[in-house]
Amino acid sequence: MSPLHKNVAILFADISGSTALYDKLGDVLALQLVTRTLGILTQEMAAHQGTLIKTIGDEIMCTFPDATAAINAACAMHLAVEKQRPGGEEPIYVRIGLHYGEVICEGGDVYGDTVNIAARVTAITRARQVMTTQALVDMLPEKLQIQARQVMRTEFRGKVEATDVFQVSWEQEDTTKTRIGMSAFRKPAGTKNELVLRYHQQVITLSEKNKSIVLGRGDDCELIILDNLASRQHARIEYNFGKYLFIDHSANGTFIRFSDGQVIHLSHQQIVLHGVGTISLGKAFSESPGEVIEYTVQ
């Protein structure tokens, strides 16, 4: 069966400054707040005819049948996070980027240039902002078009022509803070963004060019772990829209110890790797595992 091609609106909603959140609160509490926030975003998505394509650590990617539903969902997401305060006393902010165009639908996922442009728009968006493209604005009714204003013209890698980028106001009154965004929660530009894995004498680097690796005791894994508690294909690490996502597929789970000493136990779950830490496949750190992987995100 050939893949389906159709026009949709793509929306990425990303929790701003989540790495700093993990550093400040510790991994267990930060993961709870991230999960709570993603739940709010997903609820608003569903209420506006959206379809969840994937969760990428602290970010969701979803599709909408038309531009109006997507923009209404984006505004509702910001309002819901502000109202429900998923972080309690700890402020939680999101940033949302959108684009409209043709995608390829296959296996529950979507692919194509439209997805890539939406991701790149999100990457230049600041906390508490909704940013989109001319293509999506052109599909909006006039009453929504007046909420969008062009803020820049930028060139995205792989695109010959520059793209007009618009900011969409979502508050009752578009305050200065909303217009300029909150730069303290913007991801720093110019970072190297590599993941380095060290296991005994092996050193493996993941990046945008070398995007994924499978870990386990099977001979077909890129990183073979010599431990009977490790599954044959225990876990996968993949670079996805600027993040390194650790995905556990194992029978015994994975233990990740972060730089603050806190340990997360994953069982058929996923988490974004940040900072430095160690990974044990199938064996708790309290049992002094001998086969551990050190990692650094730099």
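Leaving aside its neighbours within four places in sequence, with which residues is A30 in contact? The tour below works towards that residue, starting from the helix before it.

Before selecting anything, note that this is a predicted model, in which local features need pLDDT of at least 70 and side-chain atom pairs count only at pLDDT 80 or more, while totals for chains, interfaces and linings use all residues. Residues are numbered from 1 along each chain as its sequence is written, and side-chain values use heavy atoms, with hydrogens and water left out.

**Helix α1**

Select residues 18-25, which form helix α1; helices here are DSSP runs of H or I with at least four residues, strands are runs of E with at least two, and both are numbered from the N terminus. Within α1, S18, L21 and Y22 are buried, where buried means under 20% relative accessible area, exposed over 50% and partly exposed in between, with a 1.4 Å probe and protein chains only. These three cover an arc of only 100° around the axis, which puts them on the same side of α1; the arc is that of the directions from the helix axis to the C-beta atoms. Turn to the other side of α1 and you will find D23 and K24, which are exposed.

Next, show β1 (4-15), α2 (27-47) and β17 (270-272), against which the buried residues of α1 pack. Just after α1 comes G26, whose phi is positive, near 90°.

**Where α1 meets α2**

Two packed helices are described by the angle between their axes and the distance between the axes. The axes of α1 and α2 come within 7 Å and cross at roughly 140°, the axes being lines fitted to C-alpha atoms over the stretch in contact, with angles from 0 to 180 degrees between N-to-C directions. The two helices are therefore oblique to each other, since angles under 35 degrees count as roughly parallel, over 145 as roughly antiparallel, 65 to 115 as roughly perpendicular and the rest as oblique.

To see the interface, select L21, Y22 and L25 in α1, which meet residues of α2 including D27, A30 and V34; contact means heavy atoms within 4.5 Å.

**Residue A30**

Now centre on A30, which lies in helix α2 and is buried, with a relative accessible area of 0%. Leaving aside neighbours within four places in sequence, A30 is in contact with L21, Y22 and L25. As a last selection, add C62: A30 and C62 are 32 residues apart in sequence and 23 Å apart in space, C-alpha to C-alpha.
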